[in-house]
Amino acid sequence: MARALKSKTGIPRGWRVFWLVICTMGWGGLAPIAAVGAIFAWLVFDRPGNMLNPLAWLCFLLVVLFWACCIVAPFAAWVFWSRNQERRAWAAMAAPLIWVSVGAALWQFVAG
(Lines give C-alpha, C1' and ligand atoms only; values in the text may rest on other atoms or scores of the structure.)
Protein backbone atom coordinates (compact mmCIF):
# COMPACT_ATOMS: atom_id res chain seq x y z
CA MET A 1 0.00 0.00 0.00
CA ALA A 2 2.79 2.45 0.84
CA ARG A 3 4.39 1.77 -2.52
CA ALA A 4 1.21 2.86 -4.27
CA LEU A 5 1.40 6.29 -2.60
CA LYS A 6 4.92 7.03 -3.86
CA SER A 7 5.76 8.49 -7.22
CA LYS A 8 8.54 7.27 -9.48
CA THR A 9 10.90 9.65 -7.69
CA GLY A 10 10.28 7.99 -4.34
CA ILE A 11 8.93 11.14 -2.67
CA PRO A 12 5.98 10.34 -0.39
CA ARG A 13 2.60 11.77 -1.32
CA GLY A 14 2.45 13.88 1.84
CA TRP A 15 5.60 15.78 0.86
CA ARG A 16 4.33 16.27 -2.67
CA VAL A 17 1.11 17.77 -1.31
CA PHE A 18 3.18 19.97 1.03
CA TRP A 19 5.20 21.36 -1.89
CA LEU A 20 2.07 21.86 -3.96
CA VAL A 21 0.59 23.91 -1.10
CA ILE A 22 3.81 25.95 -0.80
CA CYS A 23 3.79 26.67 -4.54
CA THR A 24 0.12 27.62 -4.38
CA MET A 25 0.80 30.07 -1.56
CA GLY A 26 3.78 31.48 -3.46
CA TRP A 27 1.84 32.16 -6.64
CA GLY A 28 -1.12 33.41 -4.64
CA GLY A 29 1.14 35.84 -2.81
CA LEU A 30 2.65 37.03 -6.09
CA ALA A 31 -0.75 37.63 -7.72
CA PRO A 32 -1.38 41.04 -6.02
CA ILE A 33 2.11 42.20 -6.99
CA ALA A 34 1.45 41.05 -10.55
CA ALA A 35 -1.84 42.97 -10.51
CA VAL A 36 0.05 46.17 -9.66
CA GLY A 37 2.43 45.37 -12.51
CA ALA A 38 -0.56 45.00 -14.81
CA ILE A 39 -1.78 48.45 -13.82
CA PHE A 40 1.53 50.00 -14.85
CA ALA A 41 2.14 47.79 -17.91
CA TRP A 42 1.07 50.53 -20.29
CA LEU A 43 4.32 52.36 -19.47
CA VAL A 44 6.08 50.07 -21.93
CA PHE A 45 4.73 52.36 -24.65
CA ASP A 46 6.29 55.57 -23.26
CA ARG A 47 9.36 55.35 -25.46
CA PRO A 48 8.80 56.72 -28.97
CA GLY A 49 8.34 53.96 -31.51
CA ASN A 50 7.21 51.31 -29.04
CA MET A 51 3.59 51.70 -30.06
CA LEU A 52 4.47 50.00 -33.35
CA ASN A 53 6.89 47.48 -31.84
CA PRO A 54 5.31 43.98 -31.81
CA LEU A 55 7.65 42.83 -29.04
CA ALA A 56 6.50 45.72 -26.87
CA TRP A 57 2.92 44.58 -27.38
CA LEU A 58 3.87 41.00 -26.54
CA CYS A 59 5.63 42.14 -23.36
CA PHE A 60 2.59 44.26 -22.51
CA LEU A 61 0.30 41.25 -22.85
CA LEU A 62 2.66 39.04 -20.83
CA VAL A 63 2.73 41.54 -17.97
CA VAL A 64 -1.02 42.19 -18.04
CA LEU A 65 -1.95 38.51 -18.10
CA PHE A 66 0.66 37.34 -15.58
CA TRP A 67 -1.66 37.95 -12.62
CA ALA A 68 -4.27 35.73 -14.25
CA CYS A 69 -1.63 33.07 -14.77
CA CYS A 70 -0.77 33.28 -11.04
CA ILE A 71 -4.40 32.55 -10.21
CA VAL A 72 -5.28 29.98 -12.89
CA ALA A 73 -2.12 27.88 -12.65
CA PRO A 74 -2.58 26.73 -9.02
CA PHE A 75 -6.28 26.13 -9.63
CA ALA A 76 -5.51 23.96 -12.67
CA ALA A 77 -2.76 22.18 -10.72
CA TRP A 78 -5.17 21.21 -7.94
CA VAL A 79 -7.76 20.05 -10.49
CA PHE A 80 -5.16 17.83 -12.14
CA TRP A 81 -3.98 16.63 -8.72
CA SER A 82 -7.50 15.63 -7.73
CA ARG A 83 -7.78 13.63 -10.95
CA ASN A 84 -4.49 11.81 -10.17
CA GLN A 85 -2.65 13.46 -13.07
CA GLU A 86 0.40 14.51 -11.12
CA ARG A 87 2.67 15.35 -14.05
CA ARG A 88 0.10 17.73 -15.46
CA ALA A 89 -0.41 19.22 -12.02
CA TRP A 90 3.27 20.08 -11.71
CA ALA A 91 3.35 21.35 -15.29
CA ALA A 92 0.43 23.66 -14.51
CA MET A 93 2.15 24.84 -11.34
CA ALA A 94 5.29 25.66 -13.35
CA ALA A 95 3.37 27.77 -15.90
CA PRO A 96 3.93 31.14 -14.12
CA LEU A 97 7.65 30.41 -13.87
CA ILE A 98 7.80 29.73 -17.59
CA TRP A 99 5.69 32.85 -18.17
CA VAL A 100 8.21 34.99 -16.27
CA SER A 101 11.14 33.41 -18.11
CA VAL A 102 9.63 34.16 -21.52
CA GLY A 103 8.75 37.70 -20.42
CA ALA A 104 12.26 38.36 -19.13
CA ALA A 105 13.79 37.07 -22.35
CA LEU A 106 11.52 39.21 -24.54
CA TRP A 107 11.87 42.32 -22.39
CA GLN A 108 15.52 42.61 -23.45
CA PHE A 109 14.51 43.27 -27.04
CA VAL A 110 12.11 46.11 -26.25
CA ALA A 111 13.79 49.47 -26.82
CA GLY A 112 14.10 51.12 -23.47
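Ala41 is found in the loop between H1 and H2 of this predicted model. With a relative accessibility of 7%, Ala41 counts as buried, because the cut-off for that class is under 20%. Once residues up to four places away in sequence are set aside, Ala41 touches Phe60, Val63 and Val64. Cys59 is 18 residues from Ala41 in sequence, and the two C-alpha atoms are 8.6 Å apart in space.

Another residue of interest in this loop is Asn53. Asn53 lies between helix H1, which covers 13-39, and helix H2, which covers 54-82. Asn53 is buried as well, at a relative accessible area of 16%. A polar atom of the Asn53 side chain lies 3.1 Å from the backbone nitrogen of Leu55.

The loop between H2 and H3 offers a residue with a backbone feature worth a look. Asn84 is found there, and its phi is positive, at about 60°, although Asn84 is not a glycine. Most residues other than glycine have a negative phi. Asn84 is exposed, with a relative accessible area of 63%, a value that earns the label because exposed means over 50%.

Helix H3 contains Trp107 and Ala104. Trp107 counts as partly exposed at 43% relative accessibility, and Ala104 is likewise partly exposed at 43%. Both fall in this class because it covers the range between the buried limit of 20% and the exposed limit of 50%. Leaving aside neighbours within four places in sequence, Trp107 is in contact with Val44, Cys59 and Val63. Val63 also appears among the residues that Ala41 touches. Two C-alpha separations help to place these helix H3 residues. Trp107 and Val36 are 71 residues apart in sequence and 18 Å apart in space, while Ala104 and Ile71 are 33 residues apart in sequence and 20 Å apart in space.

Attention now turns to the pockets. Rolling a probe the size of a water molecule over the atoms shows where empty space is left. The second largest pocket has a volume of about 200 Å³. Its lining consists of 14 residues, and those closest to the pocket centre are Leu62, Val63, Phe66, Val100 and Gly103. Helix H1, helix H2 and helix H3 (86-107) each supply at least two residues of this lining. In terms of residue class, the lining has 12 nonpolar and two polar residues, with no charged ones. Val63 thus links several parts of the description, being listed among the residues closest to the centre of this pocket, among the contacts of Trp107 and among those of Ala41.

At the level of the whole chain, the protein has three helices and zero strands, and the pattern read along the sequence is α-α-α. The radius of gyration of the protein is 18 Å, whereas a compact globule of 112 residues would have a value near 13 Å. Taken along the principal axes, the C-alpha atoms fill a box of roughly 65 × 25 × 20 Å. Of the 112 residues, 26% are buried, Ala41 and Asn53 among them. Among contacts with a separation of 6 or more, 67% are between residues 24 or more positions apart.

Methods:
Residues are numbered from 1 along each chain as its sequence is written. This is a predicted model: local features need pLDDT of at least 70, side-chain atom pairs count only at pLDDT 80 or more; totals for chains, interfaces and linings use all residues. Side-chain values use heavy atoms; hydrogens and water are left out. Helices (H or I, at least four residues) and strands (E, at least two) are DSSP runs, numbered from the N terminus. Buried means under 20% relative accessible area, exposed over 50%, partly exposed in between (1.4 Å probe, protein chains only). A polar contact is a pair of N or O atoms within 3.5 Å; within protein, one must be able to donate a hydrogen and the other to accept it, and residues adjacent in sequence count only if both atoms are side-chain atoms. On a 1 Å grid over the protein atoms alone, a cavity is a set of points where a 1.4 Å probe fits but cannot get out, and a pocket is an open set with protein on both sides within 12 Å along at least five of seven lines; lining residues have an atom within 4 Å of a point. Grid points are joined across faces, edges and corners, and a volume is the space filled by probe spheres set on the points. Ala, Val, Leu, Ile, Met, Phe, Trp, Tyr, Cys and Pro count as nonpolar, Asp, Glu, Lys and Arg as charged, and the others, Gly among them, as polar. The radius of gyration is taken over C-alpha atoms; the globule rule is 2.2 Å times the number of residues to the power 0.38. Contact means heavy atoms within 4.5 Å.
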